[in-house]
Amino acid sequence: MTEQDYMNRALALAEEAYKLDEVPVGAVVVYDGQIIGEGYNRRELSRNALAHAELEAIDEACRRFGSWRLFDCELYVTLEPCPMCTGAIINSRIKRVVFGAYDPKAGSMGSILNLCDYPFNSKPLIEGGFMQEECAEILSRFFADLRVRKLEQKRSREDVSAPGAGHGDHD
């Protein structure tokens, strides 16, 4: 498999999140050319702030690898990791992170800050912007759809609360 194949798998996982009305982020952990962990966002579904794509992928990789140390593993993720996920990446000793879209609101591998610049005991290599257009497109589509749904809900609430609404008033 190629790097593009890994990111395409992460994008497919992001699509799964999208179908569940989750922010569409997907991640895979790769060891020796094989995907050993996968994940996508499930925060809304699980009502759990920890249910990020990267954490799910790292958790599965640790269980399959039989160790919390993922020294020779790489993580491919569609969106730049947040501080929590960057901490998990550092602590799991992942050697390399490849992400797609930059995250100007929570990105912790270069956008807001780079936690990997601090003197922690592990420092993954970082490659940002890989297949950036494809990764950014699914996020843009999701948030555009979300804005439309919220506007429709607001209009629906306004219609219900309007004077005379639903009372069968006729001229």
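# Close-up views of a predicted model

**View 1. Strand 1 (residues 26-31) and strand 2 (residues 34-40) pair in the antiparallel sense, with six bridges between them.** Please keep in mind, here and in the views that follow, that this is a predicted model. The two strands make a hairpin with two residues between them. One bridge to pick out joins Ala27 to its partner in strand 2, Gly39. Strand 2 is mostly covered, as five of its seven residues are buried. When you look along either strand, a general rule helps: in a regular strand, side chains alternate between the two faces of the sheet.

**View 2. Asp32 sits in the loop between strand 1 and strand 2.** This residue has a positive phi of about 50° although it is not a glycine. Is Asp32 buried or exposed? Its relative accessibility is 66%, so it counts as exposed, the cut-off being over 50%.

**View 3. Arg47 is another residue other than glycine with a positive phi, here near 55°.** You will find Arg47 in the loop between helix 2 (43-46) and helix 3. With a relative accessibility of 78%, Arg47 counts as exposed.

**View 4. Ala27, in strand 1, is buried, with a relative accessible area of 0%.** What does Ala27 touch, not counting residues up to four places away in sequence? Its contacts include Ala10 and Leu13, and Leu13 and Ala10 are both among the buried residues of helix 1. Gly37, Glu38 and Gly39 also touch Ala27, and Gly39 is its bridge partner in strand 2. The list goes on with Ala53, Glu54 and Ala57, together with Leu75, Tyr76 and Val77. For a sense of scale, the C-alpha atoms of Ala27 and Ile90 are separated by 16 Å, and these two residues are 63 apart along the chain.

**View 5. Helix 1 (residues 3-19) has 17 residues, and its end C-alpha atoms are 25 Å apart.** Why is that separation in line with expectation? At 1.5 Å a residue the helix should span 24 Å, which agrees with the 25 Å found in the model. Its buried residues are Tyr6, Met7, Ala10, Leu11, Leu13, Ala14, Ala17 and Tyr18. Viewed down the axis of helix 1, these buried residues fall within an arc of 160°, so they line one face of the helix. The spacing has a general background: an α-helix has 3.6 residues a turn, so residues three or four places apart point the same way. Just after helix 1 comes Asp21, with a positive phi of about 60°.

**View 6. The largest nonpolar core has 47 residues, and Val29, Ile58 and Leu75 have the most contacts inside it.** Two or more residues each come from helix 1, strand 1, strand 2, helix 3, strand 3, helix 4, strand 4 and helix 5 (132-161). Which element gives the largest share? That is helix 1, with eight residues. Val29 makes a handy starting point: leaving aside neighbours within four places in sequence, its contacts include Ile58 and Leu75. Also in contact with Val29 are Gln34, Ile35, Ile36 and Gly37, along with Ala57, Ala61, Cys73 and Glu74. As a general tendency, nonpolar side chains in soluble globular proteins are buried together.

**View 7. Helix 4 (residues 83-92) has as its buried residues Cys85, Thr86, Ala88, Ile89, Ile90 and Ser92.** These buried residues pack against helix 3 (53-65), strand 3 (73-79) and strand 4 (96-101). After helix 4 comes Arg93, whose phi is positive, near 70°. Ser122 is in contact with both Ile90 and Arg93, leaving aside its neighbours within four places in sequence. Ser122 itself lies in the loop between strand 4 and strand 5 (125-128). At a relative accessible area of 10%, Ser122 is buried.

**View 8. Cys85 is buried, with a relative accessible area of 0%.** Why is Cys85 not bonded to Cys82? The sulfur of Cys82 is the closest cysteine sulfur to that of Cys85, but at 3.7 Å it is too far for a bond, because a disulfide needs the sulfur atoms within 2.5 Å. Cys135 is in no disulfide either, and its nearest cysteine sulfur, that of Cys85, is 15 Å away. Cys135 is buried too, with a relative accessible area of 0%. By this rule, the count of disulfides comes to zero.

How values were computed. Residues are numbered from 1 along each chain as its sequence is written. This is a predicted model: local features need pLDDT of at least 70, side-chain atom pairs count only at pLDDT 80 or more; totals for chains, interfaces and linings use all residues. Side-chain values use heavy atoms; hydrogens and water are left out. Helices (H or I, at least four residues) and strands (E, at least two) are DSSP runs, numbered from the N terminus. The expected span of a helix is 1.5 Å times one less than its number of residues. Buried means under 20% relative accessible area, exposed over 50%, partly exposed in between (1.4 Å probe, protein chains only). The arc is that of the directions from the helix axis to the C-beta atoms. Two strands pair if DSSP finds at least two bridges between them. Contact means heavy atoms within 4.5 Å. A nonpolar core is a set of buried Ala, Val, Leu, Ile, Met, Phe, Trp, Tyr and Cys residues joined through side-chain atoms within 4.5 Å.
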